[in-house]
Each structure stands twice: as C-alpha cells, then as structure tokens.
2 protein chains.
Amino acid sequence: MKGDEADHFTAALAAAARRVEQRLDALLAIHPQRGEIARPERLLAAMRHGVLNGGKRFRPFLVLESAALFGAEPAAAMDVAAALECIHCYSLVHDDLPAMDDDDLRRGRPTVHRAYDEATAILAGDALLTLAFDIVAAVELPAERRVALVSMLARAAGLGGMAGGQMLDLAAERDAPDEAGIIRLQAMKTGALIRFACEAGPVIAGASGEHRERLAAFGEAIGLAFQLADDLLDLTASAETMGKATGKDAAAGKATLAALHGPDWTRRQLAGLVAQARELLAPYGDGAALLSAAARFVADRRS
Amino acid sequence: MKGDEADHFTAALAAAARRVEQRLDALLAIHPQRGEIARPERLLAAMRHGVLNGGKRFRPFLVLESAALFGAEPAAAMDVAAALECIHCYSLVHDDLPAMDDDDLRRGRPTVHRAYDEATAILAGDALLTLAFDIVAAVELPAERRVALVSMLARAAGLGGMAGGQMLDLAAERDAPDEAGIIRLQAMKTGALIRFACEAGPVIAGASGEHRERLAAFGEAIGLAFQLADDLLDLTASAETMGKATGKDAAAGKATLAALHGPDWTRRQLAGLVAQARELLAPYGDGAALLSAAARFVADRRS
C-alpha cells in the first residue's frame, strides 16, 4: 500500500474501532432491555471480556464503509457492525475452549474460559450469538431490511457458513482436504462473515440488488485474500524462524492453499484478488477509497 | 386432570409432536439453503441427533395452540414452533457438556458430545441456535411480525432470559439464592421460553396487544407451574426412594421453592397457578380447551 493511502486507512480503521468499541460497551450495559428479566453480572462480565478487547474491528469497519458508500444512516450501520462483531467474538470465545483450540491467551489477555471458567465461556458465547440477532432485530430500519439482515447473518454464521467451516476445519486436522475442499472450508470459516460485512452496506441503505451483488463479490474477493495472507504469513514466518517452508498449520497437518502452491503463487494470487476487488469498486469512484484501501490492507498485513 | 380432558390432550400433544418432528427433519436436510455454502455432514448429523430425539415438543405445542386460537396460518406457526424447539435443544446440548452438567445420556440415548465429541457438540449447539433465527426470519409472515418474533426469541433465549438463567443456576450451586433469587432464576431459565411460546401465538396471528399480554401472562403462570411441578417431583420421588425429604437438587445444594416451603405448599401453589392460567383463557371459550388442558398437564405431570 502506498504511504498516504496506508496512513489514511490506518487512521480511519482506528477511529472506527473506537466508535465500535463505544457502541459495544453501550449494548453490553448491565441495564436489562424490554423483554429481558435481568442481566446476570458474571455472565455479562464474561461477555464484555470476550468483546471489549481492543480488536481491530475490521469486519465492523467493512459494514460501516460499505453502508456509507450508499448513504445509509450511520447509526443503523453501527448497530449491524456491532452485531457482526458479537458473532465474530462469540466464535473466538468458543474456538478458544479446551475442547476446540485450547488457547489460554488472546490479544495478550486470558481467554474467557481462563479468566472465568469453561461453563461461563460456553454461556457467554451463546449469549453473544443471541445478542447479535437481538441487536439486528432492533436496528432503526424498515422491518423488511432488518429481516433480510437477520437472515443473511444467520446463514453466514451458521451450519452453512462459519460454524460449518469450523467443523470442516476440525475434520481437516485428521483428513487433509483437496484444493476444492480447502477453498470451501475457508469460504465458510472466514469468508462468509467478511462477505456479509460488505453485502450488509447496500442492504442497510436499501440499495438495488446490483449493488448488493457487487459488494458481495468484493467481500468474497477480500475474504479469500484475507485467508491467503494469513496462510502466507504463517508459511513465511515459520520459514524464517525454522529455516524451512513448513509453518504452524503445516505442522498441525492442515492443508492451506499457500502451503500447496508456495509463497510466489500465493503473492501473485493476492495481487490478483486485490486488483479484482478494487475493480469491483471502480463505479463508486473516490467514495470507495477506504474500502479500496481495505483490500490492500488485507493482502499486505503483517499480523 | 379429568380422564376425557387428559386423553384428548395427550393425543393432541402426540399428534403435534409428530408434525413438529417432520418439520424439524425437513429444516435439518442436507441441502443448503440460499446464502449457505454447504452443510457439513458431521455437523448436521450432530444437530439432528440433538433435535430429532422423540421429545414431547411441549413448547412447540404451546406455539401451535396459541397461534390457532387467533386463526394464525398453521404453516407459519409450525416454523416458529420448530425454531423454538431448536433453541430448547441447543440449550440441552450445551447443558449436557462436561463443563456444564456432564450428562452421558438424554432420553436413553448418548448425549451429543458422547455420540460425537465435545467440539462437535459445542458447534452443533451454536449452529442450532443460529438456525432458529434463520427459520424465524424466513417464516411466511409480514416482515414486522417476523422481526418482532426474532426480537422476542432473542430476549427470551439470551443474556436476560434462558442463558442468563443457566448462569444463575450454576452460581446457585455455590451460593444458594433467596426466594426472590430462586423465582428470578427460574423465570429466566425455564420461564422465558415457555412465555415466548404462548405469546408467539397472537404475534404470529397479528392479534392485538391485549391478547398478547393475556397469553404472555398465561405463559408466565404455566412456566412457574412447570418448574414447581419439577421441583415437587424431585422432592417427593426422592422422599419415597430415600425415606427423607431431600431430593437430587437439595442434595446438590440447589434451593427450590418446593424444598423451601414443602410439598403441601407447593401443591396449593400449583393448584392456584392452574386456576389462574385457565381463568386467563376464559374469554376464548372452547377454542382454548387444549391450552387450558396444557396448564393442568404441566401441574400434574409425573415425569
């Protein structure tokens, strides 16, 4: 990414992250909402631990920017962005559990089941997932759009999306998938939420189906780039430290496209995906500058 | 319950359970829905194991009957009923996990984490919870009603409802709550979904707020009766087998209203709640006969 574009993007991402954090903080307040009986302190504290952790908020950023592109009401976009982040964070809380990845630390802090206990972490994840739909159902938008967003989010997050992808990922540790299998796994596990983030914008704004398809395609391209960059980082970081081209995933027996085709192929693919993603935004001109920069950020990231 | 009323009710409950099972079977088909990428076999199988288990489907029955009372479209009511059952079943799958109640059997079959593994059970619960919102968002009803149902269901199931109640229940094992605490815990853990089941009917049918309030109050009364009957069963079954009035919950250090006040008080309370619940249905005459019988069933049940 060129210096100016990178600086502008980094500042915009950080500013959005602060606003998202504020909104999540308000949504996770102790005061019960209409229809709720009470918000138990310990469960709420565990949910807050899992969410208010200084994340980059990249998915919410995509929602906010794709919505702004079509002139959507910022407050409505913010709530959809916050709901999506609740889903992303619930998946991390459950992923970190001993029966899953068994991680003790996330972003340098104890994971939820280490800071609290396993049962609390399971319930905190469940409650964050549930809260996401509560938030989307309450967004200040016409009911048709709210219901479309609930449906899109459920399908991106569930059996046929993220949760299904996590299942395929567990299976891939035992039985390495072929190239088509890897692509499907990643489209579900990481791609579906990123695609949702981009497609949500035109839906929030009530833009036409053509815009929706275009932004969904943009989301697919950067979702794929996101995963390739991840795999490449893993591959090259390990190559540097271990002196050979086998990374953590390769060591764990996980097949990735980067491991399959090597770093040069991966870098060419990444460049192609960034070009394709930016091309999809061409009709929107300068208004899409930050989204366009996001595509570069995804491919260039170093952590 | 008088013989005729009981027979009629039992037959209606069994017939509804069969139809609910069929609908759940169809909703949990292998074919992906629009917006889904693929439905991984193992995850789907675990979800089906957790749901298609010959349950009584009491909560779905309440949805179907409360909807029929106001002339709602049966297919729409069936989908809301199936979604609610997905939520109930997800909570059982997660509740059975080693970190929670650590149960090996449910309805005489291995629990999901015993039949598959813990990671699969966690993901199957997550995916069932997500599917519930997918189903409600797709019900053939005006968008306003769908969004109202999503919101009601999220608040009944989440932090301020069932999930919060499960958290309070875990805490109650360490630190016995007072009477108000027990009532709140139970209103959240078991009451919220039963209340939702009854209130959903008028919402599906687009009936007025007055009917909605009346059915919600009916749901609260039978939810309370459901829990009291459970506690009473536990108290008296244990008293019979152990020769003293301390049941499984009491032994586990769990406070219940039945344990606090004794079986006679509990039976009087139950009778009072049934009378109150049936009184709330008086304006609907014979059309509410099955719902009215349900109130008796809840209080009289022996298992």
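This is a short talk on a predicted model, starting with chain A as a whole and then moving to a few residues in chains A and B.

Hi everyone, thanks for coming. Please keep in mind throughout that we are looking at a prediction.

Let's start with the overall build of chain A. The secondary structure comes to 13 helices and two strands. Along the principal axes, the C-alpha trace spans about 55 × 50 × 35 Å. How does the radius of gyration of chain A sit with that of a compact globule? For 303 residues the globule rule gives a value near 19 Å, and chain A has 19 Å, so the two agree.

Next, burial and contacts. Of the 303 residues in chain A, 57% are buried. If we take contacts between residues at least 6 apart in sequence, 73% of them join residues at least 24 apart. On the outside, chain A exposes about 12,100 Å², with carbon and sulfur atoms supplying 49% of that area. For those of you who think about electrostatics, chain A carries 33 positive and 41 negative side chains, and the centres of these two sets lie 2 Å apart.

Now over to chain B, and helix H3, which runs over residues 58-68. How many of its 11 residues are buried? The count is 10, so this helix is mostly covered by the cut-off of under 20% relative accessible area. The buried set has charged members as well, including Arg59(B) and Glu65(B), and among the others are Phe58(B), Phe61(B) and Leu64(B).

My favourite residue here is Arg155(B), which lies in helix H7 of chain B, residues 143-157. Is Arg155(B) buried or exposed? With a relative accessible area of 12%, it is buried. Its side chain makes a polar contact of 2.9 Å with the side chain of Asp134(A). Leaving aside residues up to four places away in sequence, Arg155(B) also touches Gln33(A), Arg34(A), Gly35(A), Glu36(A) and Ala138(A) in chain A, as well as Gly160(B) and Gly161(B) in chain B.

Finally, two backbone details for anyone checking torsions. Arg57(A) is not a glycine, yet it has a positive phi of about 60 degrees. It is placed in the loop between helix H2 (41-51) and helix H3 (58-68) of chain A, and it is buried, at a relative accessible area of 2%. Asp102(B) likewise has a positive phi, near 55 degrees. That residue lies in the loop between helix H4 (74-95) and strand S1 (105-106) of chain B, and at 44% relative accessibility it counts as partly exposed.

That's my tour, and I'm happy to take questions.

Notes: Residues are numbered from 1 along each chain as its sequence is written. Chains are lettered from A and ligands numbered from 1 in the order in which they are written. This is a predicted model: local features need pLDDT of at least 70, side-chain atom pairs count only at pLDDT 80 or more; totals for chains, interfaces and linings use all residues. Side-chain values use heavy atoms; hydrogens and water are left out. Helices (H or I, at least four residues) and strands (E, at least two) are DSSP runs, numbered from the N terminus. The radius of gyration is taken over C-alpha atoms; the globule rule is 2.2 Å times the number of residues to the power 0.38. Buried means under 20% relative accessible area, exposed over 50%, partly exposed in between (1.4 Å probe, protein chains only). Contact means heavy atoms within 4.5 Å. Accessible areas come from the Shrake-Rupley method with a 1.4 Å probe; for residues, only the protein chains shown count as cover. The place of a charge is taken as NZ of Lys, CZ of Arg, CG of Asp or CD of Glu. A polar contact is a pair of N or O atoms within 3.5 Å; within protein, one must be able to donate a hydrogen and the other to accept it, and residues adjacent in sequence count only if both atoms are side-chain atoms.
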